[in-house]
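User: I would like to learn how to read charge pairs and a metal site in a model. Can you take me through them one by one?

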Amino acid sequence: MSTDTVELLQQLIRNGCVNDGTQESGQEVRNADLLQNFLEGTGLDFQRFEALPNRPSLVARVEGSDPNAPSLLLMGHTDVVPVNPEGWIRDPFGGELVNDEVWGRGAVDMLNLTSSMAVAVRNVMRSGFKPKGTLIYFAVPDEEAAGTYGAKYMCEEETDAIRSDYVVTEMGGFRFGGGDLPQRVVTIGEKGTYWCRITVHGTPGHGSMPARTDNALVKAAEVVRRLAAYKPPTTMHEVWKSFVDNMEFPAGLSEHLLDPEKVDALVEETDDIGLARMIPACTHTTFAPTVLNAGVKANVIPDHAELQVDIRTLPGQTGPDIDAMLQEALGDMYSGVEIDPMSAMPASFSTPDTPLYALMSKLTERLSPGSKTVPFMITGATDARFFRKIGAVSYGYGLFSDRIPFTEFASMFHGDNEHVDTESLRLSTELWEAVIREFLG
Ligand SMILES: [Zn+2]
């Protein structure tokens with residue numbers, strides 16, 4: 001039964017803990033209170049930590065009986081990203097249950113898992129289960145704004161409270177393609193982030209006489225054009241190679257996906273826009289100009305422009321590698337601009353060669369007959385990266401039914417009309433319950 005998971009998810013959605021990136025947004029205390037209430041009286045110990053007022057990290061723990069047994073932390077974030085209600089056909093914070101689907105912001109990112117993890121923890125605790133290894137349920141705020149006041153703060157400042165051998169959080173468990181492939185991806189790693197600010201200088205002048213002026217905005221536009229046109233080298237790293245091998249794609253496709261010469265042509269020609277975006281991101285460093293600010297008034301030639309670029313790095317790349325690429329991309333403009341890194345975090349990985357991965361694979365086959373797991377590297381970032389940095393083996397997983405096709409599912413992340421079916425909630429709840437019992441028992 002997934003009634004508890006459905007109801008808890010509805011309430012988490014209705015609390016509307018919207019994180020718009022400002023420190024006063026989120027107000028995740030409402031979801032932390034809800035979850036603590038839900039879990040209270042089952043033998044768990046609770047701790048709260050606040051990097052900012054009303055934005056608590058909630059840690060619920062039961063100590064294992066065997067100090068040598070591996071510990072497990074299940075982590076769900078309690079915040080969601082903002083919505084544009086005009087794009088929604090239902091109330092984004094209504095948490096409505098319609099045709100066996102729960103609708104609302106957070107239904108797949110990731111209140112579905114925050115909810116199913118809490119229900120599984122409560123179920124096992126109520127049954128009198130005594131784990132050998134320590135079990136921690138961690139409801140974390142601020143994931144949607146880079147984790148600064150949630151997972152990052154906890155891993156750096158309150159490490160003892162959340163230290164665990166293994167961590168599971170979002171995202172994974174869906175099938176690629178039209179749902180006819182048996183493979184379900186488990187996130188074992190993610191690309192690194194290297195966000196930077198590029199400042200372009202010019203000389204102010206009158207907008208009525210643009211000829212031969214030194215217009216910072218015009219120069220910034222050329223910087224954007226060069227970044228967009230830049231072709232970084234194709235890199236077939238180990239996780240990508242093993243992903244392609246394990247997916248058992250048709251032979252011709254696999255060959256293209258692993259050949260640096262052929263993969264570019266495949267990206268150009270495929271009709272599948274999802275693949276066309278994913279493949280280059282998985283095999284290249286990517287450069288996305290995302291913000292441009294310039295000018296003060298319509299009749300003034302701007303003397304300075306500021307561009308922000310979202311750069312995602314591959315395993316092993318650091319600042320000097322990226323700087324060399326920027327130099328190549330910008331050519332003769334490189335020396336005339338200022339480049340300042342805003343935030344940088346290297347790519348992170350956990351080995352799939354662990355007892356927890358093996359158990360999740362076994363349970364996947366049991367709960368979703370015909371399925372098999374495949375390790376995957378995601379191109380975005382999750383809170384798992386902070387845990388990998390402090391030595392925890394961290395995966396992104398969950399289980400979904402085949403009711404919602406992958407393309408629709410992918411478009412709901414931060415998109416309109418987010419919803420999840422109750423069968424998916426049941427599968428994830430059963431998965432977490434079995435993971436806790438069999439891994440910690
Ligand atoms: Zn998320």
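Analyst: Start with one pair. This is a predicted model. Arg 61 and Glu 63 form a salt bridge, with their closest N and O atoms 3.7 Å apart.

User: Is Arg 61 buried or exposed?

Analyst: Arg 61 counts as buried, because its relative accessibility is 14% and the cut-off for buried is under 20%.

User: How many salt bridges does the whole structure hold?

Analyst: The search finds 27. One of them joins Asp 33 and Arg 48, whose closest N and O atoms are 2.7 Å apart. That pair links distant parts of the chain: Asp 33 is in helix H2 (residues 29-39) and Arg 48 in strand S1 (residues 45-50), 15 residues apart. Asp 33 is partly exposed at 35%, and Arg 48 is partly exposed at 34%.

User: What of Asp 160 and Arg 163?

Analyst: They form a salt bridge, with 3.8 Å between the closest N and O atoms. Asp 160 is exposed at 64% relative accessibility. Arg 163 is partly exposed at 46%. Elsewhere, salt bridges with shared partners join Glu 222, Arg 225, Arg 226 and Asp 332 into one network.

User: Which side chain of opposite charge is nearest to Asp 79?

Analyst: That is Arg 55, 5.1 Å away. Asp 79 is buried yet has no salt bridge, because a salt bridge needs the atoms within 4 Å. Look for backbone partners instead. The side chain of Asp 79 reaches the backbone nitrogen of Glu 143 at 3.1 Å. The backbone nitrogen of Glu 144 lies 2.9 Å from a polar atom of the same side chain, that of Asp 79. Asp 79 itself sits in the loop between strand S3 (72-77) and strand S4 (97-98).

User: Now the metal. Which residues are the protein donors of the zinc ion?

Analyst: List the donor atoms, then check the angles. The donors are His 77 (NE2), Asp 109 (OD) and Glu 170, which gives OE twice, at 1.8 to 2.4 Å from the zinc ion. Ideal angles for four tetrahedral donors are 109.5 degrees. Here the angles among the four donor atoms run from 55 to 149 degrees, and the site is irregular.

User: Where do Asp 109 and Glu 170 lie?

Analyst: Asp 109 is in the loop between strand S5 (101-103) and helix H3 (111-126), and Glu 170 in the loop between strand S7 (166-169) and strand S8 (172-175), so the pair ties together parts 61 residues apart in sequence. Both Asp 109 and Glu 170 are buried. Along the chain, the donor spacing is H-x31-D-x60-E.

Terms used: Residues numbered from 1 in each chain as written. Predicted model: local features only at pLDDT ≥ 70, side-chain atom pairs only at ≥ 80, totals over all residues. Heavy atoms only, no water. Donors = N, O, S within 2.8 Å, 3.2 Å for Na, K, Ca; no water. Tetrahedral: all angles 85-135°; square planar, octahedral: opposite > 155°, others 65-115°. Helix = DSSP H or I, 4+ residues; strand = E, 2+ residues; numbered from the N terminus. Buried < 20%, exposed > 50% of the residue type's maximum accessible area, 1.4 Å probe, protein only. Lys, Arg positive; Asp, Glu negative; His and termini not counted. Polar contact = N/O pair within 3.5 Å; in protein donor to acceptor, adjacent residues only side chain to side chain.
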